[in-house]
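Dear colleague,

Please find the structure below. My notes on it follow, with each term explained where it comes up.

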Amino acid sequence: MEKQDQHIEAQEDIKRKVVNAIKDVYDPEIPVDVYELGLIYEITVYPVNNVYILMTLTSPNCPAAESIPSEVKTRVGEIEGINNVEVELTFDPPYSQDMMSEVAKLELGFL
């Protein structure tokens, strides 16, 4: 396997671990994890295993506005080999129920 292929495979492995860690974070008011809710807009793994996450919340006035992003950062930061985690919060585009996965829609009774 070429070095480039190994690097891509390693980044994909880290990305899978990041997604799994994020799936342990729940909005306290909704019994679905933030990944399935569609709150994660982007996950980028940079060289030396720095992770950037762009996310939103269900509403700008969300009572968990501080706890959810910090929990995402903490959970991802606990992954072995991760050097730095940056979580950026955005409300553009605004969150809508269309962003939910089928799993979340089923869990919440929208299907």
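Helices (H or I, at least four residues) and strands (E, at least two) are DSSP runs, numbered from the N terminus. This is a predicted model, in which local features need pLDDT of at least 70 and side-chain atom pairs count only at pLDDT 80 or more, while totals for chains, interfaces and linings use all residues. Residues are numbered from 1 along each chain as its sequence is written, and side-chain values use heavy atoms, with hydrogens and water left out.

A search of the whole structure gives five salt bridges, a salt bridge being a side-chain nitrogen of Lys or Arg within 4 Å of a carboxyl oxygen of Asp or Glu. One of them joins R16 to D13, with the closest N and O atoms 3.6 Å apart. Both residues belong to helix α1 (residues 3–22) and are three residues apart, about one turn of the helix. D13 also forms a salt bridge with K17, at 3.5 Å from N to O; these two are four residues apart in α1. D13, R16 and K17 are thus linked in a network of salt bridges.

A further salt bridge brings E36 and K23 together at 3.1 Å, N to O. Both lie in the loop between α1 and β1, so the pair ties together parts that are 13 residues apart in sequence.

Finally, strands β1 (residues 40–46) and β2 (residues 50–55) pair in the antiparallel sense over six bridges; pairing requires that DSSP find at least two bridges between two strands. E42 stands opposite L54 in β2.

Yours faithfully
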